[in-house]
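I opened this one to see how the inside and the surface are put together. These are my notes, in the order I looked things up.

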Amino acid sequence: MATYTRRTRVAAPLSEVWEFHSKISGLEALTPEWMNLDVVAVRGPDGEPDPEELLTGSKVRMSMRPLGIGPAQRWTSHIVEREYGGGTAMFRDEMVGGPFRKWVHTHQFYADGDETLVEDRLEYELPGGPVGRAASPAAVVGFEPMFRYRHRKTKELLESGIRARGRRDE
């Protein structure tokens, strides 16, 4: 299976980075406009609509139409694992129905003093059997701009929050 990893250091504490990524608003804020994301429904682990936090068992139904080209790609993301404590945090979502044969996205966070190391790791496989598996590594061409945006936007949103709080505290 092909993999893709991107890491970024964010000048914000782990607790704030974790809180931001634990909500659907974080996903929406970090998805580039050109992906044309539409969050159709969010259900918590007990089936409750629009939960405050994305806990293990939560499901997010969405559609995307990158660059406005072609039909919308429908996608359900299922949070299958979530841990927080001891200076680290992570959650893992898996695609349930969607454009990839396999998609496992692990979001990891590591405290480093007042900063946080953010890491996204994808394990994925394109559809199409042996041809899809062989072509999967080339999909990085599409992932790179999206994840570069996500990491840049994470820094922008969370670091500006730190600066704004610092000014208010003075």
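I began with two rings: Phe-100 and Tyr-124 are both buried. For me, buried means under 20% relative accessible area, exposed means over 50%, and partly exposed is in between, with a 1.4 Å probe and protein chains only. I should say early that this is a predicted model, where local features need pLDDT of at least 70 and side-chain atom pairs count only at pLDDT 80 or more, while totals for chains, interfaces and linings use all residues. Residues are numbered from 1 along each chain as its sequence is written, and side-chain values use heavy atoms, with hydrogens and water left out.

**Rings.** I counted aromatic pairs and got 13. The rule takes rings of Phe, Tyr and Trp (its six-membered ring) with centres within 6.5 Å; planes under 30 degrees apart are stacked, over 60 edge-to-face, and the rest tilted. One of the pairs is Phe-100 with Trp-103, which is tilted, at 4.8 Å centre to centre and 50 degrees between the planes. Phe-100 has a relative accessible area of 15%, so I noted it as buried; Trp-103 is buried too, at 6%. Phe-100 also pairs edge-to-face with Tyr-124, at 6.4 Å between centres and 80 degrees between planes. What does that pair tie together? Phe-100 sits in the loop between β5 (88-95) and β6 (102-112) and Tyr-124 in strand β7, so the pair joins parts that are 24 residues apart in sequence. Helices (H or I, at least four residues) and strands (E, at least two) are DSSP runs, numbered from the N terminus. Ring pairs link Phe-100, Trp-103 and Tyr-124 into a cluster with Tyr-4, Trp-75, Phe-143 and Phe-147.

**Core.** Which residues have the most contacts inside the largest nonpolar core? I found Trp-103, Phe-109, Tyr-124 and Phe-143, in a core of 32 residues. Such a core is a set of buried Ala, Val, Leu, Ile, Met, Phe, Trp, Tyr and Cys residues joined through side-chain atoms within 4.5 Å. Leaving out residues up to four places away in sequence, Phe-109 touches a list that includes Leu-14, Trp-18, His-21, Gly-87, Phe-91 and Val-118. A contact here is heavy atoms within 4.5 Å.

**Gly-87.** I followed that contact to Gly-87, in the loop between β4 and β5. Gly-87 counts as partly exposed because its relative accessibility is 31%. With the same sequence cut-off of four places, Gly-87 touches Leu-14, Phe-109, Tyr-110 and Ala-111.

**Glu-125.** Is Glu-125 buried or exposed? It is buried, with a relative accessible area of 8%. Glu-125 belongs to strand β7 (residues 115-125), and its contacts beyond four places in sequence include Met-1, Phe-100 and Arg-133.

**Backbone.** Most residues other than glycine have a negative phi. I noted Asn-36, not a glycine, with a positive phi of about 50 degrees; it lies in the loop between α2 (24-30) and β2 (38-43). Asp-50 also has a positive phi of about 50 degrees without being a glycine, and its loop runs between β2 and β3. Asn-36 is partly exposed at 37%, whereas Asp-50 is exposed at 60%.

**Surface.** My last stop was Leu-67, in the loop between β3 (59-64) and β4 (73-85). Leu-67 is exposed because its relative accessibility is 58%.
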